[in-house]
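User: Could you take a close look at one part of this structure, namely its buried cysteines and polar side chains, and then at a small sheet? I would like one connected account with the cut-offs stated.

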Amino acid sequence: MPNPATVVPRPAPVLLPVEGSDERFPVRRVYCVGRNYADHAIEMGHDPSREPPFFFQKNPDNLLPAGNPFPYPPLSIDVHYEVECVLALKSGGANIEAADALDCIYGYAVGIDFTRRDLQAEAKKLGRPWELAKAFEHSAPVSAIVPASRVGHPANGRIWLEQNGRRAQDGDLNQMIWKVPEIIAELSKLFILAPGDVIMTGTPAGVGAVARGDRITCGIEGVATLSVEVI
C-alpha cells in the first residue's frame, strides 16, 4: 500500500553516518543517562552511590552529525560540554536481560551532551523537567557510528575531551556506575526499546562552559574521535 498523503510535509528522517559505509543509521529515539560516573556526580553535588539510574531524552533531530559546527544556543550564558559514549541499537524489546543486552547493539560512537547549565539549575530548583536545558537544537554532536563487529563491546578505554587543546575531561569507560548491559536492561523496564534507538551513557568529571570560537575535540580510545567548533 503506498504511503498516504500528508497534510504537511513529512519530517526528514534523522540518519547518522556509519564509519566505512555508504549506509546510514536511522534514529528512532535518543535516551540519556544522568550522573553515571561517580566523579561527575560528586562535582555536580550529588551522592555517587549506586542508586537506580535515571534517564531523560533528547529529540532525534537534536543530533548533530560530525563535520557541522555547534551554534551557541539562545537564552543561556552558561552552556557546558559533556563527552559521552553513545550506543546505537539494532534490536530491542521490553525487560531485556543484562546478559542479552549487548546483542542489541549495532555500534558505538562518541558524542557531546551540550547542556544549558543555567536553565538546568533553574529547572532543578523548581522541580521541573530538563528539556529546556537538554533537548535544544544541535545539542548532541555525534561522530560516525562504528559497528560493534569492528570494535567489539568496549568495557574500558579512555574517554576524553579537550577544549582549545587543553584536556578538560579524562576518564575511562570502566568508571561507569551502571555498565552498558545494565543501562539497556534498566531502560527496557521503562520503555520498549527498538532498532534505531540511541543511548548516551553519561559523562566523566571535568564538565565546563564553552564560548563562541572554542574548538572542542573528544574521543573514546579505540572507537572514535569528534571535533566541533562553537559558533
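Analyst: Cys85 is buried, with a relative accessible area of 2%, where buried means under 20% relative accessible area, exposed over 50% and partly exposed in between, with a 1.4 Å probe and protein chains only. This is a predicted model, in which local features need pLDDT of at least 70 and side-chain atom pairs count only at pLDDT 80 or more, while totals for chains, interfaces and linings use all residues. Residues are numbered from 1 along each chain as its sequence is written, and side-chain values use heavy atoms, with hydrogens and water left out.

Cys32 is also buried, at 1% relative accessibility. With a disulfide taken as a pair of cysteine sulfur atoms within 2.5 Å, the count is zero. Cys32 stays unpaired because the closest cysteine sulfur, that of Cys85, is 13 Å from its own, too far for a bond. Cys85 is likewise in no disulfide, the nearest cysteine sulfur being that of Cys218, 11 Å away.

Turning to the polar side chains, Asp197 lies in the loop between α6 (180–190) and β14 (198–200), where helices (H or I, at least four residues) and strands (E, at least two) are DSSP runs numbered from the N terminus. Asp197 is buried, with a relative accessible area of 0%. Its side chain makes a polar contact of 3.0 Å with the side chain of Arg28 and reaches the backbone nitrogen of Ala194 at 2.8 Å; a polar contact is a pair of N or O atoms within 3.5 Å, and within protein one must be able to donate a hydrogen and the other to accept it, with residues adjacent in sequence counting only if both atoms are side-chain atoms. Leaving aside residues up to four places away in sequence, Asp197 touches several others, including Phe25, Tyr31, Leu87 and Ile192, contact meaning heavy atoms within 4.5 Å.

Thr203, in the loop between β14 and β15, counts as buried at 2% relative accessibility. A polar atom of the Thr203 side chain lies 2.8 Å from the backbone oxygen of Val83, and a polar contact of 2.8 Å joins the side chains of Thr203 and Gln169, residues that are 34 apart along the chain and whose C-alpha atoms are separated by 8.7 Å.

Strand β15 leads to the sheet: three strands form an open, antiparallel sheet in the order β9-β6-β15, with β9 (115–116) and β15 (208–209) as edge strands, each pairing on one side only. Two strands pair if DSSP finds at least two bridges between them; β6 (residues 79–81) and β9 pair over two bridges, and Val79 has Arg116 in β9 as its bridge partner.
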